Amino acid sequence: SILLQISIADEDVEKCTAYREAISTLSNSGLVPDINQLFEVYVRSFALYETALECFYIGRNSDQHGLIQACWSGLLKRIESKYGERDVKEDIGEKVVSLGRKFGAQEPYFPSEWLMRKLEGEYGEKYGWGVGVVREWMEAAGVDGTRLNYVLGDLEDEEEEGGRGGFLVEGDGE
C-alpha cells in the first residue's frame, strides 16, 4: 500500500476521493488481494501501470506475463493520450529507456521482444518513426546485443514471409 500511496501522490490526481477510498479499503481490509484483483481494482482503475511494473519487479513476480504486458500497453497508451503526436516518440523513448535501465532490461519485467514488436509495428507505423529508432532505445535500455539481434532476425524473417515484422535494417533498400 505504500507504493500505491507514493504513486498516487506523484500522479495528476483528478479524483482524490476515489484514490483515498481505494487506499483506505486496501489498508483496512487486513487481507492481501490476489494479483488479478489488485490489477483490475487498483492498477487499471487508476492507471498505475508503472507502479505495477515496479511491484512485479521488486516482488520478483515473474509468472504474470499477461499482466506485465497489459501494464506496458496501458503505460504506452497513457503516454500517447497525454502528449501530442510530436512528443509521443520522445516521451515513449525516455520511458522505455528509463524502465529498461531500472529493470536491468530483464525479462519479463522488460519484455523486449514484445516491446520491439509493439513499438516498431503499431507505433512506428502510426507515427512514421524512422529505421532504427526502437533499436536505439533497446540498446540504451540495456538489452543484450545477442538478444536484440535474435529478435531482429525473427522480425526480419517474418517480414520476408509476408508478415508485418516491423523492422527495416538500414541498407535493405526500402
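## Contacts and burial in an all-helix model

E80 touches V88, Y123, K126 and Y127, when residues up to four places away in sequence are not counted. The model is predicted, and E80 has its place within helix α5, which runs over residues 65-82. With a relative accessible area of 15%, E80 is buried, since the limit for that class is under 20%. Its C-alpha atom is separated by 8.6 Å from that of D91, a residue 11 positions apart from E80 along the chain.

The setting for these contacts is a protein whose secondary structure comes to 9 helices and 0 strands, so that, read along the sequence, the pattern is α-α-α-α-α-α-α-α-α. Of its 174 residues, 41% count as buried. Among the contacts between residues at least 6 apart in sequence, 63% join residues that are at least 24 apart. The protein exposes about 9,700 Å², and carbon and sulfur atoms supply 47% of that area.

Helix α4, residues 49-58, is largely enclosed by the rest of the structure, because 8 of its 10 residues are buried. The buried residues of α4 are Y49, E50, T51, A52, L53, E54, F56 and Y57, a list in which the charged residues E50 and E54 stand beside aromatic ones such as Y49, F56 and Y57. Just after α4, R60 takes a positive phi of about 50 degrees.

A second place with backbone features to inspect is the loop between α6 and α7, in which A105 lies. Helix α6 covers residues 85-102 and α7 covers residues 112-127, and P108 is found in the loop between them. A105 has a positive phi of about 50 degrees although it is not a glycine, and at 16% relative accessibility A105 counts as buried. In that loop, too, a cis peptide bond joins E107 and P108, with omega about 0 degrees.

The backbone angles described above are gathered here.

| Site | Angle | Value |
|---|---|---|
| R60 | phi | positive, about 50 degrees |
| A105 | phi | positive, about 50 degrees |
| E107 and P108 | omega | about 0 degrees |

What is the relative accessibility of A105, and is the residue buried or exposed? The value is 16%, and A105 therefore counts as buried, as does E80 at a relative accessible area of 15%.

How values were computed
Residues numbered from 1 in each chain as written. Predicted model: local features only at pLDDT ≥ 70, side-chain atom pairs only at ≥ 80, totals over all residues. Heavy atoms only, no water. Helix = DSSP H or I, 4+ residues; strand = E, 2+ residues; numbered from the N terminus. Buried < 20%, exposed > 50% of the residue type's maximum accessible area, 1.4 Å probe, protein only. Contact = heavy atoms within 4.5 Å. Areas by Shrake-Rupley, 256 points an atom, 1.4 Å probe, with all protein chains shown as cover.
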